[in-house]
Amino acid sequence: MGTREYKYGRTARGSHTQTMIQVLTPVILFIALYVFWNVYNKRSKTNLPPGSFGWPFLGETLALVRANWDGVPERFVEERIEKYGSPLVFKTSLLGERMAVLCGPAGHKFRFANENKLVGAWWPLPIMRLFGRCLLTIRGDETKWMRKMLLSYLSPDAFATHYAATMDVVTRRHIDVHWRGKEQVNVFQTVKLYAFELACRLFLSLEEPNHIAKLASLFNIFLKGLLELPINFPGTWFYSAIKARDTIRMELMMIIKARRVEIEEGKVSSSQDLLSHLLTSSDENGRYLTEKDIANNILILLFAGHDTSTTAITFLIKSLGEHPDVYDKVLKEQLEISKAKQVGELLNWEDIQKMRYSWNVVSEVMRLYPPGFGAFREALVDIEYAGYTIPKGWKIYLSYASLHKDIANFEDVTRFDPSRFEGAGPTPFTYLPFGGGPRMCIGKEFARLEILTFLHDIITNFKWELLIPEEKIEYDPMPTPVKGLPIRLHPHQVELF
Ligand code: HEM
């Protein structure tokens with residue numbers, strides 16, 4: 001009996017010790033790693049910008065994510081500028097990378113002036129792996145060439161001659177199907193569909209709703225993988241995203257091959273859409289994009305233009321719902337354009353140029369809710385900046401939200417005020433919704449045409465009210481209303497033009 005008690009007592013103590021070891025080992029390892037991380041980071045590099053690398057592996061990523069979830073992405077930068085007393089640059093670690101965060105207009109000016117010299121394009125690993133070789137991921141002279149090839153379709157000249165009317169046709173059809181006759185609409189979901197339908201039509205001439213819906217659902221799986229850890233293992237989002245990408249690419253290759261045949265047989269024109277344009281356009285040396293390059297670039301254009309335009313239009317609808325006086329002024333401007341046209345006549349490029357006040361409103365929306373969350377770069381050499389050294393290989397991050405909401409750049413910074421964009425507008429380098437310099441957004445004109453066409457067609461048909469006036473906004477990393485911005489639609493009761 002005594003022996004058994006002793007035995008049981010020993011067994012219980014033994015298992016207690018085992019549990020202690022199991023609990024303490026990871027804690028001790030973590031503390032050791034933390035100490036090592038701090039000592040390593042402080043060693044002899046005295047000229048690094050001020051700042052902290054945060055926790056091992058995680059760095060300060062969680063602080064950035066928390067600021068985004070709280071709907072104040074600028075907080076991450078503001079807090080660190082204040083803490084380290086360095087208004088131009090601080091160091092941190094995000095997404096597993098050492099980073100220098102360049103702050104304020106000076107940071108963007110520096111980036112634009114040194115693109116491909118001191119800094120080069122860089123994106124987090126999941127983005128690099130999912131997109132492969134395309135405009136977003138390449139560097140150097142090849143970038144200039146690819147931009148030139150794509151811009152020959154996306155430039156204002158191309159829109160002036162071909163695409164304004166097509167955009168209006170697609171927009172009117174979308175409104176007829178998804179808005180007219182509805183009492184309530186979830187703006188974010190519906191506009192997302194619109195942006196995708198429009199891109200499918202203008203890039204690939206796809207019109208069949210089921211085909212577009214199938215591509216859209218694959219595309220949404222693909223988009224989820226861009227924000228996940230790049231673990232390519234069955235069951236992970238990243239794995240599903242790779243599979244979705246491969247299916248989309250296969251589909252694109254089939255469309256490309258079929259189109260090549262149609263062009264050779266003279267059944268379609270070279271200006272029909274982006275695809276025909278890219279298949280038939282060469283540079284001055286007779287060099288064409290390969291079919292694989294075309295597929296990859298169409299994928300990147302679908303991606304780059306999808307959530308960005310959706311965000312801009314969603315927050316435009318929100319802001320007009322919140323500011324009836326601004327709604328009335330936009331409506332007045334749009335009605336003047338309608339009244340000068342025949343009934344049913346489509347919008348053209350000249351009409352878009354007349355939408356000056358409307359564009360100021362869109363600009364103020366993109367100041368307060370920038371759809372592009374920021375820019376990443378890599379230091380190509382050791383960089384001397386603001387009295388500090390940014391070592392070669394470090395990544396560089398610049399936030400648009402903190403630029404646009406800096407009290408040094410804008411008076412009464414949180415007030416919605418489209419008049420900021422009258423006359424000369426904001427001071428250079430303080431407002432950059434489309435980036436700038438050699439890697440400025442190539443879809444800027446496409447986006448302007450898309451947003452203004454949508455605005456024209458929606459405001460001349462409806463007034464609306466926000467069903468959740470104080471709806472929370474999260475940044476994931478783009479601003480998103482958590483419930484998708486439900487609104488109640490009120491069709492105009494009288495014929496307005
Ligand atoms: C409101 C809508 C849009 C906004 C706010 C926006 C914003 C931006 C920003 C800020 C950049 C620069 C990122 C950097 O500096 O690294 C960018 C790049 C880019 N955008 Fe947009 N964009 C919009 C719409 C579009 C559309 C509709 C397309 C395609 C038709 C597009 C295609 C691209 C591409 C391909 C790049 C990469 C350019 C390069 O790396 O050389 N964007 N966009």
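# Close-up views of a predicted model

**View 1. Cys441, a residue marked in the record.** The unreviewed UniProt entry carries a "binding site" annotation that covers Cys441. Please keep in mind that everything shown here belongs to a predicted model. Look for Cys441 in the loop between helix H16 (400-404) and helix H17 (444-459). Is Cys441 buried or exposed? Neither label fits: because it has 19 C-beta neighbours inside 10 Å, and a residue needs 20 or more to be buried, Cys441 counts as partly exposed. Leaving out residues up to four places away in sequence, Cys441 touches Phe434 and Gly435.

**View 2. The shell around the ligand.** Here we step back to the 25 residues that surround the ligand. The closest are Gly305, Gly372, Gly435, Cys441 and Gly443, so Cys441 from the first view appears here again. Which helix gives the largest share of the shell? That is helix H12 (291-322), with seven residues. Helix H6 (141-154) and H17 each supply at least two residues as well. By residue type, the shell divides into 17 nonpolar, six polar and two charged residues.

**View 3. The largest nonpolar core.** This core holds 74 residues, and those touching the most other members are Phe203, Ile298, Ala312, Leu316 and Ile451. H12 contributes the largest share of this core, 14 residues. For a closer look, pick out Leu316: beyond residues up to four places away in sequence, Leu316 touches Val362, Val365, Ile451 and Leu455. In soluble globular proteins, nonpolar side chains tend to be buried together.

**View 4. Leu118 and a second core.** A separate core of 23 residues includes Leu64, Val77, Val89 and Leu118. Leu118 is found in the loop between helix H4 (104-114) and strand E3 (119-121). Why is Leu118 called buried? Because 20 other C-beta atoms lie within 10 Å of its own. Setting aside neighbours within four places in sequence, Leu118 is in contact with Ala379, Leu380, Val381 and Ile383. Leu118 and Ile383 are 265 residues apart in sequence, yet their C-alpha atoms are 6.9 Å apart in space.

**View 5. Helix H8 and the residue that follows.** H8 runs over residues 187-204, and 16 of its 18 residues are buried. At 1.5 Å a residue, H8 should span 26 Å, and its end C-alpha atoms are 25 Å apart, which agrees. Just after H8 comes Ser205, with a positive phi of about 60°, although Ser205 is not a glycine. Ser205 sits in the loop between H8 and helix H9 (209-225). With 16 C-beta neighbours inside 10 Å, Ser205 counts as partly exposed.

**View 6. Two loops between strands.** Ala386 lies in the loop between strand E6 (383-385) and strand E7 (388-390). Ala386 has a positive phi of about 55° although it is not a glycine. Because 16 other C-beta atoms lie within 10 Å, Ala386 is partly exposed. The other loop, between strand E10 (473-475) and strand E11 (479-481), holds Pro477. The peptide bond leading from Asp476 to Pro477 is cis, with omega near 0°.

**View 7. The whole chain, for orientation.** The chain has 17 helices and twelve strands, and its C-alpha trace spans about 100 × 60 × 55 Å along the principal axes. Of the 497 residues, 34% are buried. Among contacts with a separation of 6 or more, 70% come from residues 24 or more positions apart.

Terms used. Residues are numbered from 1 along each chain as its sequence is written. This is a predicted model: local features need pLDDT of at least 70, side-chain atom pairs count only at pLDDT 80 or more; totals for chains, interfaces and linings use all residues. UniProt positions are given in the numbering used here, feature names are shortened, and annotations may be inferred rather than shown by experiment. Helices (H or I, at least four residues) and strands (E, at least two) are DSSP runs, numbered from the N terminus. A residue is buried if 20 or more other C-beta atoms lie within 10 Å of its own, exposed if 12 or fewer, and partly exposed in between; C-beta atoms are placed from the backbone. Two residues are in contact if their C-beta atoms, placed from the backbone, lie within 7 Å. A residue is near a molecule or strand if its C-beta atom, placed from the backbone, lies within 6 Å of it. Ala, Val, Leu, Ile, Met, Phe, Trp, Tyr, Cys and Pro count as nonpolar, Asp, Glu, Lys and Arg as charged, and the others, Gly among them, as polar. The expected span of a helix is 1.5 Å times one less than its number of residues. A nonpolar core is a set of buried Ala, Val, Leu, Ile, Met, Phe, Trp, Tyr and Cys residues joined through C-beta atoms within 7 Å.
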